[in-house]
Amino acid sequence: MRIILEAVIAVLAITVLRAVIGMIMKGFSDLFGPSSSSSAGGASRPQRPAPGPEPLKKDPMCGTFIAASSSVQKTVDGETFYFCSAECRDKFRGPVRKAG
Ligand SMILES: [Zn+2]
């Protein structure tokens with residue numbers, strides 16, 4: 001009755017194989033899809049409180065936007081222009097006027 005012994009061995013082998021394959025698959029799924037990471041709760045992100053809505057001015061020379069308080073200003077014909085630097089301010093010759 002060798003067939004019965006082989007059958008038992010086959011069943012045992014299949015059982016062991018299933019267990020091993022299951023462990024391997026579990027290991028792979030842990031590797032590729034880590035599910036043990038704890039979900040971080042809380043959506044509150046520390047935001048730097050803005051001192052106030054400060055309007056940004058565009059430097060007419062280089063196109064840079066600067067805050068009015070930190071810009072270099074120049075008033076031409078009663079109109080104030082804002083520049084990123086004194087260099088841009090010095091380059092500025094006044095508002096563009098259309099000929100004609
Ligand atoms: Zn500039």
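**Exercise 1.** In which sense do strand 3 and strand 4 pair, and over how many bridges?

*Solution.* The model is predicted. Start with the positions. Strand 3 covers residues 72-76, and strand 4 covers residues 79-83. The two strands pair in the antiparallel sense, over 5 bridges. Now pick one position in the pairing: Lys74 stands opposite Phe81 in strand 4.

**Exercise 2.** Which residue takes a positive phi in the hairpin of strand 3 and strand 4?

*Solution.* Look at the link. This hairpin has 2 residues between the strands. Asp77 takes the positive phi, near 55°.

**Exercise 3.** Work out what span helix 1 should have, and check it against its end C-alpha atoms.

*Solution.* Helix 1 runs over residues 2-32, which is 31 residues. The expected span is 1.5 Å times one less than the number of residues. That rule gives 45 Å for helix 1. The end C-alpha atoms are 44 Å apart, so the two values agree.

**Exercise 4.** How many residues of helix 1 are buried? Ask the same of strand 3.

*Solution.* A buried residue has 20 or more other C-beta atoms within 10 Å of its own. In helix 1 the count is 0 among 31 residues. In strand 3 the count is 0 among 5 residues. Both elements are hardly covered. Next, take the whole protein: buried residues make up 6% of its 100 residues.

**Exercise 5.** What pattern does the protein follow along the sequence?

*Solution.* Count the elements: there are 2 helices and 4 strands. Then read them in order: α-β-β-β-β-α. Finally, turn to contacts with a separation of 6 or more: residues 24 or more positions apart account for 18% of them.

How values were computed: Residues numbered from 1 in each chain as written. Predicted model: local features only at pLDDT ≥ 70, side-chain atom pairs only at ≥ 80, totals over all residues. Buried ≥ 20, exposed ≤ 12 C-beta atoms within 10 Å, placed from the backbone. Pairing = 2+ DSSP bridges. Contact = placed C-beta atoms within 7 Å.
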